[in-house]
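Student: Please take a close look at a single part of this structure. Pick one strand, and then follow its neighbours outward.

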Amino acid sequence: MDGQVKVAVIYYSATGITYQMAQAACEAAGEAGAEVRLRKVRELAPEEAIRSNSGWHAHHLETQDVPEAELDDLSWADVVIFGSPTRYGMVAAQLKQFIDTSGPLWAQGALADKVYTGFCSTATAHGGQEATLLSLYTTFYHWGGIVVTPGYTDPSQFVSGNPYGASHTSNNGEVAPDHVALAATALTAKRAVQIATRLKQGTAG
């Protein structure tokens, strides 16, 4: 195994809020020395639903060149960072559908011993942010993964206030992620890379 950590940032975003956080995660992981893949999950909503919302339709067109996530991205990565808006305190159906296809890799043990973390956004204050991340992390426990969170490892976390992962309140998509949310996302990604790097070095040693 080479020394460079491989990171897959896999997300779902309708109007672009979670996408902006995914970009921040990619940038931070790259700055931490990782090789990074940005992947969106497949959209499940019908075209007429997307076109009925101008923000959704515009973002759909904006990111049409972002590759869709494949199971190979999970196999390839040492670190997987998932991002999703919340849906009743859980991840969006689009991301859940992708996760549900991972059974063959799970059965082979191919998802174990990787580093996992996540970030999310909600329309309203609180809105299930912590519940969404915790429900996502349940999947990682089934996979035998290593969950890495930002915790309160940096003074900025006492401002963002979510030790489970980065999160943002978008006011129904009206408010883009601010410096607090983006800093929390970057910290989440950097910590994941740092822990994965230590694990790789331990394996190599």
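Tutor: Start with Ser-121, whose bridge partner in strand S7 is His-168. This is a predicted model, so every value here is computed from predicted coordinates. Ser-121 belongs to a set in S5 that points one way, together with Val-115, Thr-117 and Phe-119. S5 itself covers residues 115–122. S5 and S7 pair in the parallel sense, over 4 bridges.

Now look at how S5 is covered. Of its 8 residues, 8 are buried, so the strand counts as mostly covered by the under-20% cut-off for relative accessible area. Both directions are accounted for. Val-115, Thr-117, Phe-119 and Ser-121 point one way, and Tyr-116, Gly-118, Cys-120 and Thr-122 point the other. All of these residues are buried.

Next, strand S6. S6 holds residues 146–147 and runs parallel to S5, with 2 bridges joining them. Tyr-116 of S5 stands opposite Val-147 of S6. To get from S5 to S6, the chain passes through H7, and this β-α-β crossover is right-handed.

Then strand S3. S3 pairs with S5 in the parallel sense, over 7 bridges. Here Phe-82 stands opposite Gly-118 in S5.

Stay with Tyr-116 for its ring. The model has 8 aromatic pairs. Take Tyr-116 and Phe-140: their ring centres are 4.7 Å apart and their planes meet at 20°, so the pair is stacked. This pair links distant parts of the chain, with Tyr-116 in S5 and Phe-140 in helix H7 (residues 129–143), 24 residues apart. Both Tyr-116 and Phe-140 are buried. The two rings also belong to one aromatic cluster, along with Phe-82, Tyr-137 and Trp-143. Phe-82 therefore has two roles in this account: it belongs to that cluster, and it stands opposite Gly-118 in S5.

Phe-82 also leads to another strand. In S3 (residues 79–87), Phe-82 is the bridge partner of Ile-10. S1 and S3 pair in the parallel sense, over 5 bridges.

S1 deserves a look of its own. Its 6 residues are buried, 6 of the 6, so S1 is largely enclosed by the rest of the structure. Both of its faces are covered. Lys-6, Ala-8 and Ile-10 lie on one side, with Val-7, Val-9 and Tyr-11 on the other, and all are buried. S1 also pairs with S2 (residues 35–40), a parallel arrangement with 6 bridges. Val-9 stands opposite Leu-38 in S2. Together, S1, H1 and S2 make a right-handed β-α-β unit. One aside on a charge over a ring: Arg-37 lies over the face of Trp-76, at 4.0 Å from the ring centre.

Follow the chain out of S1. Ser-13 sits in the loop between S1 (6–11) and helix H1 (17–31). Ser-13 counts as buried, because its relative accessibility is 9%. Its side chain reaches towards backbone nitrogens. One is that of Ile-17, at 3.5 Å. Another belongs to Tyr-19, which lies 3.2 Å from a polar atom of the Ser-13 side chain. Leaving aside neighbours within four places in sequence, Ser-13 is in contact with Thr-18, Tyr-19 and His-59.

Finally, return to S7, where we began. The loop between helix H8 (157–160) and S7 (166–169) holds Asn-162. Asn-162 is buried, because its relative accessible area is 4%. Its side chain makes a polar contact with the side chain of Ser-167, at 3.0 Å. A polar atom of the Asn-162 side chain also lies 3.0 Å from the backbone nitrogen of Tyr-164. Not counting residues up to four places away in sequence, Asn-162 touches Gln-129, Glu-130, Leu-133, Pro-150, Gln-157 and Ser-167.

To recap the strand you asked about: S5 pairs in the parallel sense with S3 and with S7, and runs parallel to S6. From S5, Tyr-116 stacks with Phe-140 in the pair described above.

Key
Residues numbered from 1 in each chain as written. Predicted model: local features only at pLDDT ≥ 70, side-chain atom pairs only at ≥ 80, totals over all residues. Heavy atoms only, no water. Buried < 20%, exposed > 50% of the residue type's maximum accessible area, 1.4 Å probe, protein only. Polar contact = N/O pair within 3.5 Å; in protein donor to acceptor, adjacent residues only side chain to side chain. Contact = heavy atoms within 4.5 Å. Pairing = 2+ DSSP bridges. Right-handed = clockwise from strand over helix to strand, strands pointing away. Phe/Tyr/Trp six-rings, centres within 6.5 Å; stacked < 30°, edge-to-face > 60°. Lys NZ or Arg CZ within 6 Å of the ring centre and 35° of its normal.
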